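Got your viewer open? Let's take a short walk through this one, picking out a few residues at each stop.

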Amino acid sequence: QVQVAESGGGLVQPGGSLALSCTASGNIFSIYIMAWYRQTPGKERELVASKADDGTTNYAHSVKGTFSISGDVANHTVYLQMNNLKPEDTAVYYCMVRGRALGGREFDNWGQGTQVTVSS
């Protein structure tokens, strides 16, 4: 079993900042990538940012320059620093972890999600 836990969501005013954290635990042999997605009602889940085990990062065009993913994939923890937040950033944010479990099975596991609301 591999568990994924997010924390750090909440309510913030436009222009403010918020940081999310994601930690994977359990029966993990290795992690290839950890990523943040977000979803609003009626829309598909979209990739926000990702970090691979070689340190490579990737961002959605809409958040480049304002969001930053950091942390250590090898230690199973990543963070998402979100600056200059806008109302359109309001969503449930999910952490996704892709890797290989002890015993060889590959997995894509998701956290339960954390609500981020940007409103005055």
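How many salt bridges does a search of the whole structure find? The count is four. Keep in mind as you click around that this is a predicted model.

**Stop one: Arg 38**

Select Arg 38 and Glu 46 and show their side chains. They meet in a salt bridge, with 2.7 Å from N to O. Now add Asp 89, whose side chain also meets Arg 38 in a salt bridge, at 3.0 Å from N to O. That second pair brings together distant parts of the chain: Asp 89 sits in the loop between β8 and β9, Arg 38 in strand β4, and 51 residues separate them.

Try a surface view here. Arg 38 has a relative accessible area of 8%, so it counts as buried. Asp 89 is buried too, because its relative accessibility is 6%. Glu 46, at 35%, counts as partly exposed.

**Stop two: Arg 100 and Glu 106**

Next, select Glu 106 and Arg 100. Their side chains form a salt bridge with an N to O distance of 3.0 Å. Glu 106 is partly exposed at 48% relative accessible area, and Arg 100 is partly exposed at 28%. Back at the previous stop, shared partners join Arg 38, Glu 46 and Asp 89 into one network.

**Stop three: the disulfide**

Pick Cys 22 and Cys 95. This is the one disulfide in the structure, and the two sulfur atoms lie 1.9 Å apart. The torsion about the S-S bond is about -80 degrees, so the disulfide is left-handed. It links distant parts of the chain, with Cys 22 in strand β3 (residues 18-26) and Cys 95 in strand β9 (residues 91-101), 73 residues apart. Which is it for Cys 22, buried or exposed? Cys 22 is buried, at 0% relative accessibility, and Cys 95 is likewise buried at 0%.

**Stop four: the nonpolar core**

Now select Met 34, Trp 36, Leu 80, Met 82, Tyr 93 and Val 97. Out of 31 residues in the largest nonpolar core, these touch the most other members. Several strands supply at least two residues each, including β1 (2-7), β5 (46-52) and β11 (114-118). Colour β9 separately: it gives the largest share of this core, five residues.

Finish by centring on Val 97 and showing what surrounds it. Leaving aside residues up to four places away in sequence, its contacts include Val 4, Ala 24, Ile 31, Ile 33 and Phe 107. Cys 22, from the disulfide stop, is also one of the residues Val 97 touches.

Definitions and conventions:
Residues numbered from 1 in each chain as written. Predicted model: local features only at pLDDT ≥ 70, side-chain atom pairs only at ≥ 80, totals over all residues. Heavy atoms only, no water. Disulfide = S-S within 2.5 Å. Helix = DSSP H or I, 4+ residues; strand = E, 2+ residues; numbered from the N terminus. Buried < 20%, exposed > 50% of the residue type's maximum accessible area, 1.4 Å probe, protein only. Core = buried A, V, L, I, M, F, W, Y, C linked by side-chain atoms within 4.5 Å. Contact = heavy atoms within 4.5 Å.
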